Amino acid sequence: MEKIKDNVGNTHKDASSVLECDFPMIEISEVAEQESWRKEINRPVYHIHKWWATRLGSVFRAIVLGALSPPGKGIWDVFYEKHNFSGKVVLDPFMGSGTTLGEAVKLGAKAVGCDINPVSSFLVRQAFTPVHDSKIKAAFSSLEDKVASEIKYYYRTVDPHTGGIIPVLYYFWVKTVFTPTGEEIPLFSRYVFSQNAYPKKKPKAQIVCPKCWGVSEGRYDDTEFICGSCGHEFNPQKGPVSGQSVTSKDGKLYRIKDLLSEGGSPPKHRMYGVLALRQDGSKIYLPAREQDFALYNEAKKRLEEENLPLPDSPVREGHNTNQARGYNYKYWRDFFNSRQLLCLGMLLKEILNIEDRVIQEQMLCLFSGVLEFNNLFCSFKGEGTGAVRHMFSNHILKPERTPLENSVWGNKKSSGTFSTLFESRLLRAKKYLDDPFEVAIKRDLLGKRLGSSKVVASSPVEAKIVESWEELDSAEKGLLVLNGDSSKLSVPEKSIDAVITDPPYFDFVHYSELSDFFFAWLSPVLKDRYEWFSRADSSGEGEVQHKDPLVFSRQLSSVFSEACRVLKDTGVLAFSFHHSRPEGWAAIYEAINNAGLAVVTAHPVHAELRGASPKTAAKDPISLDAILVCRKREFAIVDKMEIKDVCRAVDTLAGKFEKAGMTVSNGDRFVIGAAETMIARATDDLTFDQMKKVLTSVYSAVRV
Ligand SMILES: C[S@@+](CC[C@H](N)C(=O)[O-])C[C@H]1O[C@@H](n2cnc3c(N)ncnc32)[C@H](O)[C@@H]1O
């Protein structure tokens, strides 16, 4: 048989797919980087709802394409061509937002996706459900007729210049704490509450007065300021908060934590500012005035009178949730103020009245996404950028000291509202199913980058969502979306052509703790329809997530073993991975090994997340992922490699990136080195500790 060489010169004479020997790492990295700047626009179908660590579609298109194609033509040569892998089946056992599934069906294959998290299974079903444009627009109009004006009623104020009623875009709030002597302290670290994202260019800023709560215009860097309302002189850069402490008027320093009542309710909030939209389209900052407090109180009173479908589940203890619980956020309902609960509740109630279940669920998915931008954990990003910083900007649940209240229905100048996300998320995602496109880099004749374009390289996505393997098997096209632990799949042995996935990393995102936020709203309304919503929270037994690498490795191994069972002997299992520490890689090695698999090739590629473990993040940011390509152990034949070969491979691959103008950090070099070590030691059956030792020496050996 012909000897096929990969990107570091290893031969793969028994390769059954082109992915085992070829990956256009530079070209795909460039496209992926382009995609990552506006992923919601470039792959809207995977961004119909929040999910964490969603992967880049172009990378996964290349992986699926390579995994389903026999050795021969290179992946890049046919990347922008239309393909039809009908009859082939791709599995993703860690489905997330459905990136692998989408790319597989775009290439004409069938796909099976499984996730243990009910929110994932729900959102993926919604993402791939085709709906007629006119139907969904009609449903939106009907909702608009029924609830929009009722909701918008609660987001209005008076224009002080004209006396007219104008819509409010945002309300500004601040948390307050009480000292033992009864002094109420607002948790401001500065009194500048709005400034431009590029303040040096646009220094204008909004400042709130600590004495009268008046709002005046100043500069972002003012250190001496006279309040335009009461004449009070103060330094806008010096609020009572510094780090984790506050200073009272008499100069006493308190830890904020010590001022939170133990076992009580979350801190009080005070509304202090309003950003409203004037009739001529300009925006105006105002202090919170009597009418604003009165309107809020009206909403609060109405909430008490209404019977609305609101969440009542508790926030369980956990890695991410404990920070919120420390601020007495014990119920998911506490994450919202009364007006938010009222308006979200009214909207949800009306959505539940939609008779067409398919359309109703599309709207439920949109509604759930809106929650992320309408709660007290959101904050203001400033002028000149998307105004609302959503609650999950760092994969954590951090109580916000100065929350931003968005308007639930919104208007044309809003972001993160029901009406704006309807256009930017839902309609865009549905359109992508009809016109799926790829991002391409435009260059001049000399190869200089000119920008990007969209290239249609797939037929419309027409894969029907089926409910069982039997149904999928007999259909020409289809998508099987499962919910459950992927270590037990209802899929027959040796039936899958390729397993393409992105597993959880052992100390990264705690998916189910975060997704409980959505689950708390969705479960009560969906639990009678989907049995997987009928549970206390969105966690599930078997969830791969543990801070101990050995436990994590065991969990991952049971899913990989199952994937190995359902995989055809000729198939590959490929997944993306990066980690900054030897134990992260040793855990993966052990999981692969115990599952009866072996890594045969590794392809570094530009990753979506610039991440590393907190300790090394600043020094060695990682921007590469390794695509680890595995075969069943008995079919994994690779050239023997020594550590010196690993180092040489790192130099070769890093050199290719650098030649293409991409920087490669020591963190990235370790990603490449660790991935190559997985190949070098693939069949050596090392223990976790032995592999960790090898990887520790690679860690030092590959640094420059
Ligand atoms: C890294 S994410 C996948 C992200 C995905 N690649 C994307 O682009 O959206 C990992 C997923 O694995 C899921 N998961 C964890 N343990 C699981 C298990 N035992 N069975 C199925 N899914 C699991 C998590 O809920 C999470 O959605």
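**Two domains and a small-print sheet**

Reader: What is the area buried between domain 1 and domain 2?

Author: The size of an interface is often given as the accessible area lost when the parts come together. In this predicted model, about 1200 Å² is buried between domain 1 and domain 2, and carbon and sulfur atoms give 62% of that area.

Reader: Which helix gives the most to the side of domain 1 that touches domain 2?

Author: Look at helix α5, residues 118–128: α5 gives the most to that side, with 3 residues. Counting contacts, you'll find 12 residues of domain 1 meeting 13 residues of domain 2.

Reader: How many salt bridges and polar pairs does the rule find across the interface?

Author: For salt bridges the count is 0. For polar contact, the rule picks out 4 residue pairs, with both residues at pLDDT 80 or more.

Reader: Okay, so where do the two domains lie along the chain?

Author: Domain 1 takes in 18–130 + 430–510 + 545–701, while domain 2 is made of 133–189 + 239–416. Taken over C-alpha atoms, their centres are 37 Å apart.

Reader: Now the sheet. What is the order of its 3 strands?

Author: Strands of a sheet pair through backbone hydrogen bonds, either parallel or antiparallel. Here the order is β6-β7-β8 in an open sheet, and the pairing is antiparallel. β6 (192–195) and β8 (215–219) are at the edges with a single partner strand each, so one side of each has no neighbour in the sheet. On average, neighbouring strands are turned by 30° against each other, direction ignored.

Reader: How many bridges join β7 to β8?

Author: There are 5, linking β7 (residues 204–208) to β8 in antiparallel fashion. To trace one, start at K204: its bridge partner in β8 is R219.

Key:
Residues are numbered from 1 along each chain as its sequence is written. This is a predicted model: local features need pLDDT of at least 70, side-chain atom pairs count only at pLDDT 80 or more; totals for chains, interfaces and linings use all residues. Side-chain values use heavy atoms; hydrogens and water are left out. Two strands pair if DSSP finds at least two bridges between them. Helices (H or I, at least four residues) and strands (E, at least two) are DSSP runs, numbered from the N terminus. Axes are lines fitted to C-alpha atoms, for helices over the stretch in contact, and angles run from 0 to 180 degrees between N-to-C directions. Domain bounds come from an automatic or database domain assignment. Contact means heavy atoms within 4.5 Å. Buried area is the accessible area (1.4 Å probe) that two parts lose on being put together, summed over both. A salt bridge is a side-chain nitrogen of Lys or Arg within 4 Å of a carboxyl oxygen of Asp or Glu. A polar contact is a pair of N or O atoms within 3.5 Å; within protein, one must be able to donate a hydrogen and the other to accept it, and residues adjacent in sequence count only if both atoms are side-chain atoms.
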